[in-house]
Structure formats: structure tokens, C-alpha cells
Amino acid sequence: MLQKMDALLLSVRLAGTRFLRSLKKDERGLSGVVVAVLLILVAVLAVVALWGFLEDWIQDMWDRITKENTI
């Protein structure tokens, strides 16, 4: 029984090692990851830029709404 468990453990370890080696050699997915990171970066920068503009606009509108002598 112990020999079977040792053999199973060894085969799992070898399979994992083979998988990791093939993963290190495979660079096909690298460009997709780079594109995804760049898209996320552009989206975050766009939100930050728009937030600065929107914050001023919302504050201006709120000041107009809450002004006491507006009709």
C-alpha cells in the first residue's frame, strides 16, 4: 500500500513539474496578458481624468443648486 502511495505521489510530482516547465517555455499567452494590463491601465487613467473634470462640474452644479437666492 505504501509503495502505491509513493508511486502516486511521485507521478503527481512529475506531472506538476512537467506542467510548470511547459508553462515557463510557452510564451503565447504573454502578449494577451500585456494587452489586458495595458487596457486596464488606460481605463484607470481615463476614469481618473474624467473624475477630475466631473468633480469640478458636480461641485459647480451643487453650489448653484444650494445657493439661497437662485430662482
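Let's start with Trp62: its relative accessibility is 51%, so it counts as exposed, since the cut-off for exposed is over 50%. Keep in mind that you're looking at a predicted model. Trp62 sits in helix α2, which covers residues 30–66, and it helps make a nonpolar patch on the surface.

**The overall picture**
- The protein has 2 helices, and the number of strands is 0.
- If you go through its 71 residues looking for buried ones, you end up with 0%.
- The protein's accessible surface adds up to about 7,300 Å², and carbon and sulfur atoms account for 70% of that.

**The nonpolar patch**
- Trp62 shares its patch with Leu50, Trp51, Phe53, Leu54, Trp57, Ile58, Met61 and Ile65.
- Together with Trp62, these residues make a patch of about 1,000 Å².

**The salt bridge**
- The count of salt bridges here is 1.
- The partners are Arg64 and Asp60, and their closest N and O atoms are 3.5 Å apart; that fits the rule, because the cut-off is within 4 Å.
- Both Arg64 and Asp60 belong to helix α2, where they're 4 residues apart, or about one turn of the helix.
- Arg64 has a relative accessible area of 52%, so it is exposed.
- Asp60 comes in at 35%, so it is partly exposed; that label covers values between the buried limit of under 20% and the exposed limit of over 50%.

Key. Residues are numbered from 1 along each chain as its sequence is written. This is a predicted model: local features need pLDDT of at least 70, side-chain atom pairs count only at pLDDT 80 or more; totals for chains, interfaces and linings use all residues. Side-chain values use heavy atoms; hydrogens and water are left out. Patches are made of residues with over 30% relative accessible area and no salt bridge: like charges are joined within 9 Å, nonpolar side chains (Val, Leu, Ile, Met, Phe, Trp, Tyr) within 5 Å. Accessible areas come from the Shrake-Rupley method with a 1.4 Å probe; for residues, only the protein chains shown count as cover. A salt bridge is a side-chain nitrogen of Lys or Arg within 4 Å of a carboxyl oxygen of Asp or Glu. Buried means under 20% relative accessible area, exposed over 50%, partly exposed in between (1.4 Å probe, protein chains only).
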